[in-house]
Amino acid sequence: MNDSLDIFLVTAPGLEHFLGQEAREAGFKVTANLVGGVSIKGGWSEVRRANLTLRGATRVLVRLARFPVANTAELDNRLRHLPWSDWLRRDVPVRADVSCRASKIYHEGDAKNRIERAIAMATGAETGAGALVAIKARIEENVCTLSVDTSGTSLHKRGTKEEVNKAPMRETLASLFLRAAGFDGSEPVCDPMCGSGTFILEAAERAAGLLPGRGRDFAYEYLATFDPADREDVPQGRKSQPPHRFQGSDRDAGAIAMSRANAERAGIADLCTFETLPISEVSPPDGPPGLVIVNPPYGQRIGAKSPLFPLYAAFGTRMKEAFPGWRIGLVTSEAGLAKATGLPFGKPGPHVDHGGTKVRLWQTKPL
């Protein structure tokens, strides 16, 4: 087996540093932090491990080939000589996703058809829209890069969180924002605007050592490189029992019901507390101080901005009154809203795309 695959871990631009940190801590051979992700080296066993264990990666891509291409005849010739059957199975449909930029080959639909035709001729596999296995082709400045998406459905879909509230934070983003805020699994976490519970669930799962991919399948399982015996040994249980609890609250009773149901499905309900409370009544859990992290409304996706200033101000007031010694992390798109809290935030983190909105993480030191 090839232990020198070029593997690319996709993440939201702005969070590459934190995904690279996670990958290094997990023992992966990181070669570079790039725009939109992290490059690592390894074999197919590392591809599997990355999909199963990394909380911050959105997708895991494996580079299959990279070559210069000046016209469609050259593309066809290159495609014919690739060992498609080493990677793809005859009985599994495949599709090609193509992007072209600054190249003589500019028609994405035509390039897609040529790639799918080459795959079908080499393997006998069906091709077309809706196929689970995707070949990602990027033709940029007359160089074609071919990769296979080994994840399939985006990795933020853990397979356990079925209910979400409005404007939910993706699990992968939440995990990296927690890491950016200094969370390492050894402290309590509180989210007093928890929605469907994403921050709390991610924190509790990490603290318990649960694998994010334990409840789902992946596209790599349908490649020719996959050993079916690997399906049998995915750990489902906890590696540790956290001594502290993870607390979420929200004034929306429906959101709290969602959070509780999601925690039950994830097998961590005993580690989490969810209560229907307004900001003004939130109190820290018993034990040492830790991290408060919130993803409040921004005024762009839910309502207007002006009614949100009192909410942010009330949040800041309650933090100063009831959470001495706790660090505060706040994700928002609006500097004015962050400042309305009156909290002593430092310089905010980089801009990160959250559902089409550019947000940043604002943090304090212990209050």
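**Note on the sheet, its helices and a salt bridge**

1. I293 stands opposite G329 in strand 12. The model is predicted. Strand 11 (residues 291-294) and strand 12 (residues 327-332) run parallel and are joined by 4 bridges.

2. These strands belong to an open sheet of 7 strands. The order is 10-9-8-11-12-14-13, and the pairing is mixed. Strand 10 (272-276) and strand 13 (352-354) stand at the edges. Each has a single partner strand, so one side of each lacks a neighbour in the sheet. On average, neighbouring strands are turned by 25 degrees against each other, direction ignored.

3. Two helices deserve a look against this sheet. Helix 7 (residues 198-208) packs on the sheet and touches strand 8 (189-191), strand 9 (246-250), strand 10, strand 11 and strand 12. The direction of helix 7 makes about 175 degrees with that of strand 9. Helix 8 (residues 253-266) lies across strand 9 and strand 10. The angle between helix 8 and strand 10 is about 165 degrees.

4. Helix 7 also meets helix 6 (residues 171-180). Their axes come within 9 Å and cross at roughly 70 degrees. Helix 6 is therefore roughly perpendicular to helix 7, as angles of 65 to 115 degrees count as such. The crossing is right-handed. On the helix 6 side, the contact involves E171, A174, S175, F177, L178 and R179. Helix 7 contributes T198, F199, E202, A203 and R206. By class, this contact has 5 nonpolar, 2 polar and 4 charged residues.

5. Another helix pair is helix 3 (residues 72-80) with helix 5 (residues 108-123). They pack at an angle of about 25 degrees, with axes 9 Å apart. Helix 3 is therefore roughly parallel to helix 5, since angles under 35 degrees count as such. Helix 3 passes helix 5 in a right-handed crossing. T72, L75, D76 and L79 in helix 3 meet D110, A111, R114, I115, R117 and A118 in helix 5. The class count here is 5 nonpolar, 1 polar and 4 charged residues.

6. How many salt bridges does the structure hold? There are 20. Side chains of opposite charge can pair when their charged atoms come close. One salt bridge joins the side chains of K41 and D6, at 2.6 Å from N to O. K41 lies in strand 3 (residues 37-42) and D6 in strand 1 (residues 5-10), so the pair ties together parts that are 35 residues apart in sequence.

Terms used. Residues are numbered from 1 along each chain as its sequence is written. This is a predicted model: local features need pLDDT of at least 70, side-chain atom pairs count only at pLDDT 80 or more; totals for chains, interfaces and linings use all residues. Side-chain values use heavy atoms; hydrogens and water are left out. Two strands pair if DSSP finds at least two bridges between them. Axes are lines fitted to C-alpha atoms, for helices over the stretch in contact, and angles run from 0 to 180 degrees between N-to-C directions. Contact means heavy atoms within 4.5 Å. Angles under 35 degrees count as roughly parallel, over 145 as roughly antiparallel, 65 to 115 as roughly perpendicular and the rest as oblique. A crossing is left-handed if the near helix is turned anticlockwise from the far one by less than a right angle, and right-handed if clockwise. Ala, Val, Leu, Ile, Met, Phe, Trp, Tyr, Cys and Pro count as nonpolar, Asp, Glu, Lys and Arg as charged, and the others, Gly among them, as polar. A salt bridge is a side-chain nitrogen of Lys or Arg within 4 Å of a carboxyl oxygen of Asp or Glu.
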